[in-house]
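The following exercises ask the reader to examine pairs of side chains, a pair of helices and the surroundings of a helix. Each task is followed by a solution in steps.

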Amino acid sequence: DDYQIVSTEGMTVMPGLWDPHVHLLYNGHPDFEHWFSTYTDQFASVTIPASARQFLMAGVTSVRDLAINTDDIVNVRNRIENGELPGPTIYAAGSALMPTNAPQTRSHILPVRDVQAAVTATQELIDAGMEFVKILGGTTDSQEAINAIVETAHAAGVRVTAHGREDEEIRIALRAGVDEIQHIGVDSPTYPQDLLDMVQERIQGGTPLYWNPTIGMILNTDELAADPEFLDDPKNFIGLPPEIEFDIRQAISNATFNVQPPTSSDTIKRKLQSLSERGVIFTFGSDEGTFGHPASE
(Lines give C-alpha, C1' and ligand atoms only; values in the text may rest on other atoms or scores of the structure.)
Protein backbone atom coordinates (compact mmCIF):
# COMPACT_ATOMS: atom_id res chain seq x y z
CA ASP A 1 0.00 0.00 0.00
CA ASP A 2 2.89 2.38 0.55
CA TYR A 3 4.20 2.08 -3.03
CA GLN A 4 3.80 5.09 -5.32
CA ILE A 5 2.50 4.29 -8.81
CA VAL A 6 4.01 6.37 -11.62
CA SER A 7 2.49 6.23 -15.09
CA THR A 8 5.09 5.66 -17.82
CA GLU A 9 2.72 5.57 -20.78
CA GLY A 10 4.39 7.10 -23.85
CA MET A 11 7.74 7.23 -22.06
CA THR A 12 10.98 5.26 -22.22
CA VAL A 13 12.35 3.64 -19.07
CA MET A 14 16.14 3.34 -18.90
CA PRO A 15 18.51 2.00 -16.26
CA GLY A 16 20.67 4.53 -14.48
CA LEU A 17 23.79 5.46 -16.46
CA TRP A 18 27.35 5.62 -15.12
CA ASP A 19 29.90 8.19 -16.30
CA PRO A 20 33.43 7.40 -15.09
CA HIS A 21 35.00 10.68 -16.24
CA VAL A 22 33.28 13.91 -15.23
CA HIS A 23 34.16 17.32 -13.83
CA LEU A 24 31.42 18.56 -11.54
CA LEU A 25 33.00 21.95 -10.90
CA TYR A 26 33.13 23.43 -14.44
CA ASN A 27 29.46 23.92 -15.46
CA GLY A 28 30.49 24.33 -19.10
CA HIS A 29 32.24 27.71 -18.82
CA PRO A 30 34.89 28.07 -21.57
CA ASP A 31 37.26 30.38 -19.65
CA PHE A 32 38.96 28.48 -16.85
CA GLU A 33 40.91 31.48 -15.55
CA HIS A 34 37.76 33.54 -15.15
CA TRP A 35 35.81 30.61 -13.68
CA PHE A 36 38.34 29.82 -10.97
CA SER A 37 39.09 33.42 -10.06
CA THR A 38 35.38 34.29 -9.79
CA TYR A 39 33.61 31.24 -8.39
CA THR A 40 36.06 29.09 -6.41
CA ASP A 41 34.42 30.11 -3.13
CA GLN A 42 31.02 29.01 -4.51
CA PHE A 43 32.03 25.57 -5.82
CA ALA A 44 30.81 23.55 -2.81
CA SER A 45 27.69 25.63 -2.18
CA VAL A 46 26.49 26.38 -5.74
CA THR A 47 28.25 25.09 -8.84
CA ILE A 48 29.08 21.48 -7.87
CA PRO A 49 25.57 20.84 -6.49
CA ALA A 50 24.12 22.29 -9.71
CA SER A 51 26.20 19.94 -11.87
CA ALA A 52 25.30 16.97 -9.66
CA ARG A 53 21.61 17.73 -10.03
CA GLN A 54 21.95 18.12 -13.81
CA PHE A 55 23.68 14.75 -14.11
CA LEU A 56 20.94 13.05 -12.13
CA MET A 57 18.18 14.70 -14.16
CA ALA A 58 19.92 13.44 -17.32
CA GLY A 59 19.68 9.87 -16.01
CA VAL A 60 23.26 9.52 -14.77
CA THR A 61 23.04 7.88 -11.37
CA SER A 62 26.77 7.34 -10.68
CA VAL A 63 29.78 9.47 -11.66
CA ARG A 64 33.53 9.41 -11.17
CA ASP A 65 35.01 12.88 -10.76
CA LEU A 66 38.63 13.07 -11.91
CA ALA A 67 39.86 16.43 -10.56
CA ILE A 68 38.08 18.44 -7.91
CA ASN A 69 38.96 20.14 -4.65
CA THR A 70 38.98 17.36 -2.07
CA ASP A 71 37.17 19.25 0.69
CA ASP A 72 34.49 20.47 -1.73
CA ILE A 73 33.65 17.03 -3.10
CA VAL A 74 33.58 15.50 0.39
CA ASN A 75 31.14 18.24 1.40
CA VAL A 76 28.81 17.73 -1.57
CA ARG A 77 29.02 13.94 -1.54
CA ASN A 78 28.05 13.82 2.13
CA ARG A 79 25.08 16.09 1.53
CA ILE A 80 23.87 13.93 -1.36
CA GLU A 81 24.28 10.75 0.67
CA ASN A 82 22.34 12.35 3.55
CA GLY A 83 19.47 13.30 1.24
CA GLU A 84 20.10 17.03 1.51
CA LEU A 85 20.90 17.47 -2.21
CA PRO A 86 19.77 15.66 -5.39
CA GLY A 87 22.65 14.05 -7.23
CA PRO A 88 24.25 10.81 -8.40
CA THR A 89 26.45 8.52 -6.36
CA ILE A 90 29.89 10.14 -6.52
CA TYR A 91 33.24 8.37 -6.65
CA ALA A 92 36.06 10.88 -6.56
CA ALA A 93 39.79 11.37 -6.94
CA GLY A 94 39.78 14.66 -5.11
CA SER A 95 42.53 17.07 -6.11
CA ALA A 96 44.60 15.76 -9.03
CA LEU A 97 48.30 15.37 -8.26
CA MET A 98 50.68 17.21 -10.59
CA PRO A 99 54.42 16.59 -10.14
CA THR A 100 55.73 20.14 -10.48
CA ASN A 101 57.48 22.94 -8.62
CA ALA A 102 54.80 25.41 -9.67
CA PRO A 103 52.62 27.02 -6.99
CA GLN A 104 49.04 25.89 -6.55
CA THR A 105 46.78 28.24 -8.52
CA ARG A 106 43.64 26.12 -8.88
CA SER A 107 41.94 24.29 -6.07
CA HIS A 108 41.45 21.05 -8.02
CA ILE A 109 45.17 20.53 -8.77
CA LEU A 110 47.72 19.80 -6.05
CA PRO A 111 51.41 20.25 -6.95
CA VAL A 112 53.80 17.63 -5.56
CA ARG A 113 57.41 18.76 -5.69
CA ASP A 114 59.28 15.60 -4.72
CA VAL A 115 58.89 12.00 -3.60
CA GLN A 116 58.04 12.87 0.00
CA ALA A 117 55.40 15.40 -1.09
CA ALA A 118 53.95 12.80 -3.45
CA VAL A 119 53.66 10.22 -0.67
CA THR A 120 52.12 12.74 1.74
CA ALA A 121 49.58 14.09 -0.76
CA THR A 122 48.55 10.60 -1.86
CA GLN A 123 48.03 9.46 1.72
CA GLU A 124 45.97 12.57 2.48
CA LEU A 125 43.64 11.78 -0.44
CA ILE A 126 43.24 8.22 0.79
CA ASP A 127 42.59 9.36 4.36
CA ALA A 128 39.93 11.76 3.04
CA GLY A 129 38.05 8.83 1.53
CA MET A 130 38.93 9.24 -2.13
CA GLU A 131 38.37 6.03 -4.09
CA PHE A 132 41.29 6.53 -6.49
CA VAL A 133 44.10 8.94 -7.36
CA LYS A 134 44.51 11.04 -10.52
CA ILE A 135 47.92 12.12 -11.91
CA LEU A 136 48.34 15.08 -14.26
CA GLY A 137 51.29 16.28 -16.33
CA GLY A 138 53.91 13.61 -15.83
CA THR A 139 57.42 14.44 -17.07
CA THR A 140 60.64 12.47 -17.25
CA ASP A 141 62.01 14.42 -14.30
CA SER A 142 59.00 13.48 -12.19
CA GLN A 143 59.19 9.71 -12.71
CA GLU A 144 60.27 8.99 -9.13
CA ALA A 145 57.47 11.12 -7.66
CA ILE A 146 54.89 9.40 -9.87
CA ASN A 147 56.28 6.02 -8.88
CA ALA A 148 55.81 7.03 -5.25
CA ILE A 149 52.19 8.06 -5.87
CA VAL A 150 51.36 4.70 -7.42
CA GLU A 151 53.22 2.68 -4.77
CA THR A 152 51.51 4.55 -1.91
CA ALA A 153 48.05 4.19 -3.45
CA HIS A 154 48.45 0.52 -4.32
CA ALA A 155 49.71 -0.27 -0.82
CA ALA A 156 46.35 1.04 0.43
CA GLY A 157 44.36 -0.85 -2.20
CA VAL A 158 43.56 2.33 -4.16
CA ARG A 159 43.82 2.48 -7.94
CA VAL A 160 45.58 5.22 -9.91
CA THR A 161 44.58 6.83 -13.20
CA ALA A 162 46.75 9.18 -15.25
CA HIS A 163 46.28 11.88 -17.86
CA GLY A 164 47.57 10.61 -21.20
CA ARG A 165 47.17 13.05 -24.07
CA GLU A 166 50.91 13.08 -24.75
CA ASP A 167 52.99 9.99 -25.60
CA GLU A 168 55.57 10.76 -22.93
CA GLU A 169 52.86 11.08 -20.27
CA ILE A 170 51.70 7.60 -21.20
CA ARG A 171 55.21 6.11 -21.07
CA ILE A 172 55.81 7.59 -17.61
CA ALA A 173 52.45 6.34 -16.35
CA LEU A 174 53.10 2.84 -17.67
CA ARG A 175 56.54 2.70 -16.07
CA ALA A 176 54.96 3.69 -12.75
CA GLY A 177 52.31 0.98 -13.04
CA VAL A 178 49.12 3.06 -13.12
CA ASP A 179 45.87 1.16 -13.54
CA GLU A 180 44.25 3.35 -16.15
CA ILE A 181 45.01 6.01 -18.79
CA GLN A 182 42.71 8.93 -19.65
CA HIS A 183 42.21 10.42 -23.14
CA ILE A 184 43.53 9.83 -26.64
CA GLY A 185 45.45 12.64 -28.32
CA VAL A 186 45.19 13.40 -32.03
CA ASP A 187 48.39 15.42 -32.43
CA SER A 188 50.20 12.37 -33.82
CA PRO A 189 48.68 9.90 -36.32
CA THR A 190 49.73 6.73 -34.45
CA TYR A 191 51.21 5.60 -31.16
CA PRO A 192 55.00 5.01 -31.36
CA GLN A 193 56.00 1.36 -31.54
CA ASP A 194 57.95 1.51 -28.28
CA LEU A 195 54.86 2.72 -26.44
CA LEU A 196 52.72 -0.05 -27.93
CA ASP A 197 55.42 -2.56 -26.96
CA MET A 198 55.22 -1.29 -23.37
CA VAL A 199 51.45 -1.76 -23.38
CA GLN A 200 51.72 -5.28 -24.77
CA GLU A 201 54.49 -6.31 -22.36
CA ARG A 202 52.46 -5.01 -19.42
CA ILE A 203 49.32 -6.94 -20.39
CA GLN A 204 51.14 -10.13 -21.35
CA GLY A 205 52.78 -9.98 -17.94
CA GLY A 206 49.36 -10.47 -16.39
CA THR A 207 48.53 -6.90 -15.32
CA PRO A 208 45.43 -5.47 -17.02
CA LEU A 209 45.46 -1.95 -18.44
CA TYR A 210 42.31 0.13 -18.60
CA TRP A 211 41.90 3.10 -20.97
CA ASN A 212 39.23 5.80 -20.98
CA PRO A 213 39.57 7.55 -24.38
CA THR A 214 37.00 10.41 -23.89
CA ILE A 215 36.72 10.72 -27.68
CA GLY A 216 33.30 12.37 -27.70
CA MET A 217 34.84 15.77 -27.00
CA ILE A 218 36.91 15.51 -30.18
CA LEU A 219 34.36 13.90 -32.48
CA ASN A 220 31.48 16.21 -31.52
CA THR A 221 33.31 19.54 -31.88
CA ASP A 222 32.58 20.16 -35.56
CA GLU A 223 28.87 19.44 -35.18
CA LEU A 224 28.65 21.63 -32.10
CA ALA A 225 30.49 24.49 -33.81
CA ALA A 226 28.07 24.33 -36.75
CA ASP A 227 24.98 24.18 -34.53
CA PRO A 228 25.71 25.44 -30.99
CA GLU A 229 22.02 25.78 -30.08
CA PHE A 230 22.36 22.75 -27.78
CA LEU A 231 24.47 24.89 -25.44
CA ASP A 232 21.50 27.25 -25.02
CA ASP A 233 19.27 24.52 -23.55
CA PRO A 234 17.79 25.61 -20.19
CA LYS A 235 18.62 22.15 -18.78
CA ASN A 236 22.29 23.16 -18.85
CA PHE A 237 21.67 25.80 -16.19
CA ILE A 238 19.43 23.98 -13.70
CA GLY A 239 20.40 24.89 -10.16
CA LEU A 240 22.54 27.90 -11.07
CA PRO A 241 21.64 31.43 -9.94
CA PRO A 242 20.73 33.91 -12.73
CA GLU A 243 24.01 35.82 -12.52
CA ILE A 244 26.13 32.69 -13.07
CA GLU A 245 23.83 31.49 -15.86
CA PHE A 246 24.20 34.89 -17.55
CA ASP A 247 27.99 34.74 -17.17
CA ILE A 248 28.19 31.28 -18.77
CA ARG A 249 25.86 32.22 -21.63
CA GLN A 250 27.88 35.36 -22.39
CA ALA A 251 31.15 33.43 -22.34
CA ILE A 252 29.75 30.73 -24.64
CA SER A 253 28.51 33.33 -27.13
CA ASN A 254 32.07 34.71 -27.41
CA ALA A 255 33.90 31.37 -27.35
CA THR A 256 35.81 29.83 -30.23
CA PHE A 257 35.43 26.12 -30.89
CA ASN A 258 38.59 24.08 -31.29
CA VAL A 259 37.56 22.53 -34.61
CA GLN A 260 39.44 19.31 -35.29
CA PRO A 261 41.06 18.39 -38.63
CA PRO A 262 39.14 15.93 -40.85
CA THR A 263 41.71 13.23 -40.07
CA SER A 264 40.91 13.20 -36.34
CA SER A 265 38.31 10.46 -36.66
CA ASP A 266 40.73 8.23 -38.58
CA THR A 267 43.47 8.89 -36.04
CA ILE A 268 41.20 7.91 -33.15
CA LYS A 269 40.10 4.70 -34.88
CA ARG A 270 43.70 3.78 -35.67
CA LYS A 271 44.90 4.38 -32.11
CA LEU A 272 41.97 2.56 -30.53
CA GLN A 273 42.56 -0.40 -32.83
CA SER A 274 46.25 -0.57 -31.98
CA LEU A 275 45.45 -0.60 -28.25
CA SER A 276 42.62 -3.10 -28.65
CA GLU A 277 44.88 -5.51 -30.52
CA ARG A 278 47.21 -5.55 -27.53
CA GLY A 279 44.47 -6.34 -25.02
CA VAL A 280 43.65 -2.94 -23.50
CA ILE A 281 40.29 -2.84 -21.68
CA PHE A 282 38.36 0.29 -22.65
CA THR A 283 36.15 2.14 -20.19
CA PHE A 284 33.54 4.74 -21.01
CA GLY A 285 33.89 8.33 -19.89
CA SER A 286 32.64 11.60 -21.36
CA ASP A 287 34.77 14.34 -19.72
CA GLU A 288 31.46 16.14 -19.28
CA GLY A 289 31.32 19.41 -17.42
CA THR A 290 33.94 21.02 -19.65
CA PHE A 291 33.06 23.54 -22.37
CA GLY A 292 30.78 22.06 -24.99
CA HIS A 293 29.85 19.09 -22.82
CA PRO A 294 27.48 20.20 -20.05
CA ALA A 295 26.31 17.77 -17.42
CA SER A 296 22.76 17.67 -18.78
CA GLU A 297 24.02 16.18 -22.07
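**Exercise 1.** Determine which side chain meets that of Arg 106 in a salt bridge, and where the two residues lie.

*Solution.* Step 1: a salt bridge requires a side-chain nitrogen of Lys or Arg within 4 Å of a carboxyl oxygen of Asp or Glu. Step 2: the partner of Arg 106 is Glu 33, with 2.5 Å from N to O. Step 3: Arg 106 belongs to the loop between strand 4 (96-99) and strand 5 (109-112), while Glu 33 belongs to helix 1 (residues 32-39), so the pair ties together parts 73 residues apart in sequence. Here helices (H or I, at least four residues) and strands (E, at least two) are DSSP runs, numbered from the N terminus. Step 4: Glu 33 has 52% relative accessibility and therefore counts as exposed; the classes are buried (under 20% relative accessible area), exposed (over 50%) and partly exposed in between, with a 1.4 Å probe and protein chains only.

The model is predicted: local features need pLDDT of at least 70 and side-chain atom pairs count only at pLDDT 80 or more, whereas totals for chains, interfaces and linings use all residues. Residues are numbered from 1 along each chain as its sequence is written, and side-chain values use heavy atoms, with hydrogens and water left out.

**Exercise 2.** State whether Arg 64 and Glu 180 are buried or exposed, and describe their pairing.

*Solution.* Step 1: the side chains of Arg 64 and Glu 180 form a salt bridge of 2.9 Å, N to O. Step 2: this pair links distant parts of the chain, since Arg 64 is in strand 2 (residues 60-65) and Glu 180 in strand 8 (residues 180-182), 116 residues apart. Step 3: both Arg 64 and Glu 180 are buried.

**Exercise 3.** Describe the salt bridge of Arg 171 with Glu 168 and the surroundings of helix 6.

*Solution.* Step 1: the closest N and O atoms of Arg 171 and Glu 168 are 3.1 Å apart. Step 2: both residues lie in helix 6 (residues 167-176), three residues apart, about one turn of the helix. Step 3: salt bridges with shared partners join Glu 168, Arg 171, Arg 175 and Asp 194 into one network. Step 4: Arg 171 is buried, at a relative accessible area of 13%, whereas Glu 168, at 29% relative accessibility, is partly exposed. Step 5: eight of the 10 residues of helix 6 are buried, so this helix is largely enclosed by the rest of the structure. Step 6: what covers the buried residues of helix 6 includes helix 5 (143-155) and helix 7 (193-204).

**Exercise 4.** Find how helix 2 and helix 3 cross, and locate Ile 73.

*Solution.* Step 1: the axes of helix 2 (residues 43-57) and helix 3 (residues 70-81) come within 10 Å and cross at roughly 60 degrees. Axes are lines fitted to C-alpha atoms, for helices over the stretch in contact, and angles run from 0 to 180 degrees between N-to-C directions. Step 2: helix 2 and helix 3 are therefore oblique to each other, as angles under 35 degrees count as roughly parallel, over 145 as roughly antiparallel, 65 to 115 as roughly perpendicular and the rest as oblique. Step 3: the contact (heavy atoms within 4.5 Å) involves residues including Phe 43 and Ile 48 of helix 2 and Ile 73 and Val 76 of helix 3. Step 4: Ile 73 lies in helix 3 and, at 0% relative accessibility, counts as buried.
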